[in-house]
Amino acid sequence: MPFVVALQRLLANLERVLRQYELVERVKSYDPDADEALINRAYVFSMQAHGTQKRASGDPYYSHPIEVAGILTDLHLDDETIATAILHDTIEDTVATHEEIEAKFGPNVARLVDGVTKLSKIEAQTENQRAAENLRKFLLAMSDDIRVLLVKLADRLHNMRTLHFIKDEAKRRRIARETMDIYAPLAERIGMYEFMKEMQTLAFRQLEPEAYESITKRLEQLHEGGGDRIARIASGLKLLLSRNGIEAEVSGREKHPFSIWRKMAERHISFEQLSDVMAFRVIVPSTQDCYKALGVIHARWPMVPGRFKDYISTPKRNGYRSLHTAVIHAENMRIEIQIRSEDMHAQAELGLAAHWAYKQNQNGTPDTQVRWIRDLIEILDTADSPEELLEHTRMAMYQDRIFAFTPKGELIQLPKGATPVDFAYAVHTDLGDQTVGAKVNGRVVPLRTPIENGDQVQILKSKAQEPQPSWLNFVVTGKARAAIRRYVRHKERDESVALGRKLYDEIAERLPAQLGPDALKGALQRLKLSDEASLMAAIARGTVTDAELMEALMPGSTGADVAAKPPGQREAISIKGLTPGVTFDLAPCCHPVPGDRIVGLRRPDEPIQVHTIDCPHLADGVDADWVDLAWGDKSDGGTARLTVIVKNEPGSLATMSGIFGAHNANILNLRLVNRDNAFHTFEVDLEVHDLHHLVRILAALRAADVVASAERV
């Protein structure tokens with residue numbers, strides 16, 4: 001009896017699987033010249049390779065790649081892509097090899113299969129590292145041939161359709177989160193909105209089951225209460241357009257649950273307050289008819305302000321074109337309407353796949369995708385950690401867009417909240433690196449100013465400029481953030497090596513004997529460091545202590561008295577040429593300026609903290625190595641903090657500011673600390689050249705009648 005049941009189940013499974021001849025017929029229906037033998041060989045090879053393997057649903061495993069191929073036939077993809085879909089799991093999950101695939105199906109199919117193959121064997125310590133490494137290799141493969149992405153998206157879509165068969169809830173949620181964060185945005189970025197919507201809905205069901213259930217029930221109640229409301233509105237729209245000489249196909253639908261949930265979360269409103277849960281699509285013969293239909297609709301119903309978008313004159317980055325509007329229909333009900341031509345509709349439904357013609361375009365990806373993919377690959381090259389890669393890639397893929405223009409009229413698409421620095425990096429990385437200012441619509445603005453839709457942006461540049469770490473506080477694009485972080489990392493590395501070399505020379509001077517010619521080479525081997533630069537950086541960061549370095553350079557030397565020479569008896573290390581905030585920080589407690597006697601506190605993996613020699617907080621540095629420091633000749637200026645008490649009378653603040661201006665000192669910050677009837681106390685952060693400059697300013701303040709007291713903090 002169990003055998004009979006098993007046989008019946010197997011036959012039932014076979015009934016559900018797309019048969020070999022059916023798959024071939026589907027491909028031949030849109031591509032009569034397709035290589036039928038290639039598809040047949042792939043079908044048989046996949047069945048034999050997967051053999052008796054089962055999926056979580058109990059279906060034979062080969063049913064999955066066959067269904068993925070079936071999904072891709074709906075996109076009218078070429079025979080090599082269909083064969084890739086059938087074979088995409090053979091290298092990972094069976095004994096088949098890359099060489100075997102190449103021998104049987106050719107180098108193109110083998111390359112595509114290799115690009116799509118899931119990288120489950122990667123060993124990583126954290127989930128983020130695993131996901132980032134998968135994403136890194138996948139994006140590199142995708143940049144080589146976009147068909148890798150199309151197969152991967154179909155693979156993920158079918159996996160999401162069968163996700164409920166997996167018993168492990170944590171695994172289901174992990175797959176759903178990965179789909180929501182990576183694959184749905186990828187589908188959106190190439191315009192495959194139907195893929196995106198279905199993935200989001202299925203992932204949302206796993207990640208927020210209660211919210212999904214609640215919204216689904218509300219939609220069912222709305223549908224029951226309104227009867228055929230959607231059909232009535234669609235019929236009315238069609239009749240209205242027909243009476244005005246426009247032949248159109250009109251369809252309507254309720255928005256999918258995740259879209260509704262996201263709008264509720266963004267607007268902080270309940271389902272009952274969300275008025276635009278219905279969307280209608282109007283498909284007309286030509287572009288001119290799109291604008292004519294828009295005029296007819298706006299003449300009939302009032303438009304909702306701020307909800308009109310013209311993606312025909314300014315298409316989305318993925319090539320999407322359509323007119324979007326929202327109107328207040330009968331009973332004060334808002335509805336969304338999308339108006340597009342038949343060609344635009346094909347592009348909107350299938351995205352990149354709609355105009356994929358690989359045989360006529362052997363050299364790569366459609367132009368609408370080149371810049372986006374190039375930006376992603378640049379992010380791959382600059383990301384320092386798995387977390388950074390995921391952060392930057394999600395930024396690049398999953399943000400609402402605005403449009404801005406260069407002075408020559410080139411259209412640049414950016415996420416909402418983007419600044420002129422983001423704009424500059426979107427145009428070219430070199431332009432971003434050299435940005436010193438910006439004009440928006442002809443007016444000079446701060447670099448942190450958000451760009452609005454339709455702005456014209458002119459970037460002011462200088463070859464002497466470098467990316468500023470402070471830009472990370474306001475840039476929003478992954479490309480800009482990755483480029484700035486890359487520069488900061490390189491600068492930190494270069495300056496750490498320079499500082500480490502100075503510290504190395506000082507430490508070597510404390511050794512009881514002169515070093516031999518091979519001492520440094522031996523020290524690198526003992527410390528297990530690859531090269532001299534790595535050693536110098538480790539010294540600067542404090543990950544190699546003075547004692548460890550001395551012992552590595554000259555074994556047995558750390559027992560000598562000279563090794564314990566205290567600060568004050570060592571040669572001072574110059575910080576001239578190093579950048580505050582990179583290899584050293586000026587302590588906020590004492591605000592040292594050039595001319596002050598200074599000392600540094602060095603802790604592992606932290607910049608050296610520079611204090612004045614008489615700073616009371618030096619007592620807190622018992623856990624740090626002390627380093628004698630010097631400013632160096634003609635050092636750059638610093639920031640001093642003053643406490644100034646002035647009389648409470650008109651003009652006193654102007655007098656204080658006038659003294660600063662007369663002495664060419666720039667006010668960085670001014671804060672009122674205390675106020676009473678007779679006096680006001682201000683705390684001033686002041687840019688000064690050196691200690692002598694500061695002393696002259698203090699003397700001038702104390703000589704003024706309106707100043708009761710002026711002291712350095």
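Two strands pair if DSSP finds at least two bridges between them. Helices (H or I, at least four residues) and strands (E, at least two) are DSSP runs, numbered from the N terminus. Keep both terms at hand for this tour.

The model is predicted, so local features need pLDDT of at least 70 and side-chain atom pairs count only at pLDDT 80 or more, while totals for chains, interfaces and linings use all residues. Residues are numbered from 1 along each chain as its sequence is written, and side-chain values use heavy atoms, with hydrogens and water left out.

**Whole chain**

Show the whole chain first. It has 27 helices and 19 strands. Of its 713 residues, 50% count as buried (buried means under 20% relative accessible area, exposed over 50%, partly exposed in between, with a 1.4 Å probe and protein chains only). Contact means heavy atoms within 4.5 Å. Among contacts between residues at least 6 apart in sequence, 68% join residues at least 24 apart.

**Strand β5 and its partners**

Select residues 334-341, which form strand β5. Seven of the eight residues in β5 are buried. Now add residues 323-328, strand β4: six bridges join β4 to β5, and the two run antiparallel. Find L323, whose bridge partner in β5 is I339. Next add strand β2, residues 278-284, which pairs with β5 in the parallel sense over six bridges. Here R281 stands opposite Q338 of β5.

**Helices α2 and α3**

Go to helix α2 (residues 20-30) and helix α3 (residues 36-50). Their axes come within 10 Å and cross at roughly 145 degrees. Axes are lines fitted to C-alpha atoms, for helices over the stretch in contact, and angles run from 0 to 180 degrees between N-to-C directions. The crossing of α2 and α3 is right-handed (a crossing is left-handed if the near helix is turned anticlockwise from the far one by less than a right angle, and right-handed if clockwise). Show side chains for Q20, L23, V24, V27 and K28 of α2, and for E36, I39, N40, Y43 and V44 of α3, which make the contact. These residues divide into six nonpolar, two polar and two charged. Ala, Val, Leu, Ile, Met, Phe, Trp, Tyr, Cys and Pro count as nonpolar, Asp, Glu, Lys and Arg as charged, and the others, Gly among them, as polar.

**The nonpolar cores**

A nonpolar core is a set of buried Ala, Val, Leu, Ile, Met, Phe, Trp, Tyr and Cys residues joined through side-chain atoms within 4.5 Å. The largest has 57 residues, and I101, L153 and F195 have the most contacts inside it. Its largest share, seven residues, comes from helix α10 (residues 147-161). Centre on I101: leaving aside its neighbours within four places in sequence, I101 is in contact with F45, L87, T90, I91, G106, V109, A110 and V113. Apart from this core lies another, of 45 residues, including A203, A211, V250 and V284.

**Helices α10, α12 and α11**

Keep α10 on screen and add helix α12 (residues 193-207). The two pack at an angle of about 35 degrees, with their axes 10 Å apart, and their crossing is left-handed. The contact is made by L153, A154, R156, L157, M160 and R161 of α10 and F195, E198, M199, L202 and A203 of α12. Eight of these residues are nonpolar, none polar and three charged.

Then pick R173 in helix α11 (residues 169-189). R173 counts as partly exposed, at 34% relative accessibility. Not counting residues up to four places away in sequence, R173 touches Q206 and L207.

**A sheet of three strands**

Which order do the three strands of the open sheet β9-β8-β10 follow? Select them and read across: β9, then β8, then β10, with antiparallel pairing. β9 (443-445) and β10 (457-461) stand at the edges with a single partner strand each, so one side of each is left without a neighbour in the sheet. The twist averages 35 degrees from one strand to the next. Strand β8 (residues 435-440) and β10 pair over five bridges, and A438 stands opposite I459 in β10. Helix α20 (residues 420-427) lies across the three strands, running at about 85 degrees to β10.

**Two loop residues**

Most residues other than glycine have a negative phi. N441, in the loop between β8 and β9, has a positive phi of about 55 degrees and counts as exposed at 51% relative accessibility. End at D605, in the loop between β13 (598-602) and β14 (608-612). Phi of D605 is near 60 degrees, and D605 counts as exposed at 55% relative accessibility.
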